[in-house]
Amino acid sequence: MGFSVEMNWEIITNKQAERLDEKNFRLIKDNYQMFPLDHPLPIHTFVEKVPFGKAVIHRVEWESHRTTIEYELVSLTSVN
């Protein structure tokens, strides 16, 4: 039985992120996805958009063919 995993080097929110507090967010994505932890990654609203800042992922959880990430927005270069 295979296990499909996608490796990501950027965060694409598709405007689905949930704000937890001033700088922290939660995002639930379909399927199992891997992200580097504790390293600044470009963050976009959509694939075709320019990154609007950088975020650091502090938590990744896999469950029921979904990936939940919690990240902190560490820099903002434009309004999303």
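**View A. The hairpin between β3 and β4.** In this predicted model, strands β3 and β4 are joined by a hairpin that passes through 4 residues. The two strands run antiparallel, with 2 bridges between them. To find one meeting point, start at R19: the bridge partner of R19 in β4 is F25. F25 is worth remembering, as F25 returns in the views of the aromatic pairs and of the core.

**View B. The two faces of strand β4.** Which side chains of β4 point to one face and are buried? They are F25, L27 and K29. The other face of β4 takes N24, R26, I28 and D30, and these are not buried. Follow the strand along and you will see the side chains alternate between the two faces. Two of these residues lead on to other views: L27 belongs to the largest nonpolar core, while R26 takes part in a salt bridge with E18.

**View C. The open sheet.** In what order do the 6 strands of the open sheet lie? The order is β2-β6-β7-β8-β4-β3, and the pairing is mixed. β2 (11-12) and β3 (18-19) each have a single partner strand and stand at the edges, so one side of each has no neighbour in the sheet. At the β2 edge, the partner is strand β6 (residues 40-44): the two run parallel and are joined by 2 bridges. Here I11 stands opposite I43 in β6.

**View D. Where β4 meets β8.** Strands β4 and β8 run antiparallel and are joined by 7 bridges. One pair to look for is L27 with its bridge partner in β8, I69. Both L27 and I69 are also listed in the largest nonpolar core.

**View E. R26 and its two salt bridges.** Two glutamates meet R26 in this view. E18 forms a salt bridge with R26, and their closest N and O atoms are 3.3 Å apart. E70 also forms a salt bridge with R26, again with 3.3 Å between the closest N and O atoms. The pair of E70 and R26 links distant parts of the chain: E70 lies in strand β8 (residues 66-76) and R26 in strand β4 (residues 24-30), 44 residues apart. Are E18 and R26 buried, exposed or partly exposed? E18 is partly exposed, with a relative accessible area of 40%, and R26 is also partly exposed, at 26%.

**View F. The salt-bridge network.** The structure holds 4 salt bridges. One of them joins the side chains of R59 and E61, with 2.8 Å from N to O. Through shared partners, salt bridges join E18, R26, R59, E61 and E70 into one network. R59 is partly exposed, with a relative accessible area of 38%, and E61 is partly exposed too, at 29%.

**View G. Two aromatic pairs.** How many aromatic pairs does the structure hold? There are 2. F25 and Y71 form a stacked pair, 5.5 Å from centre to centre and with 15° between the planes. This pair links distant parts of the chain, F25 in strand β4 and Y71 in strand β8, 46 residues apart. F25 counts as buried at 11% relative accessibility, and so does Y71 at 3%. Y32 and W62 form a tilted pair, 5.5 Å from centre to centre and with 50° between the planes. Y32 sits in the loop between β4 and β5 (33-34), and W62 is in strand β7 (residues 53-63), 30 residues apart. Y32 counts as buried at 15% relative accessibility, whereas W62 is partly exposed at 36%.

**View H. A nonpolar patch on the surface.** W62 appears again here, as one member of a nonpolar surface patch. The other members are F3, V5, M7, W9, M34, L37 and V60. Together, the residues of this patch have about 760 Å² of accessible area.

**View I. The largest nonpolar core.** Which 12 residues make up the largest nonpolar core? They are I11, F25, L27, F35, L41, I43, F52, A55, I57, I69, Y71 and L73. The elements that give two or more residues to this core are β4, β6, β7 and β8. The largest share, 3 residues, comes from β8. Several names here are familiar from earlier views, including F25 and Y71, the stacked aromatic pair.

Terms used. Residues are numbered from 1 along each chain as its sequence is written. This is a predicted model: local features need pLDDT of at least 70, side-chain atom pairs count only at pLDDT 80 or more; totals for chains, interfaces and linings use all residues. Side-chain values use heavy atoms; hydrogens and water are left out. Buried means under 20% relative accessible area, exposed over 50%, partly exposed in between (1.4 Å probe, protein chains only). Two strands pair if DSSP finds at least two bridges between them. Rings of Phe, Tyr and Trp (its six-membered ring) pair if their centres lie within 6.5 Å; planes under 30 degrees apart count as stacked, over 60 as edge-to-face and the rest as tilted. Patches are made of residues with over 30% relative accessible area and no salt bridge: like charges are joined within 9 Å, nonpolar side chains (Val, Leu, Ile, Met, Phe, Trp, Tyr) within 5 Å. Accessible areas come from the Shrake-Rupley method with a 1.4 Å probe; for residues, only the protein chains shown count as cover. A nonpolar core is a set of buried Ala, Val, Leu, Ile, Met, Phe, Trp, Tyr and Cys residues joined through side-chain atoms within 4.5 Å.
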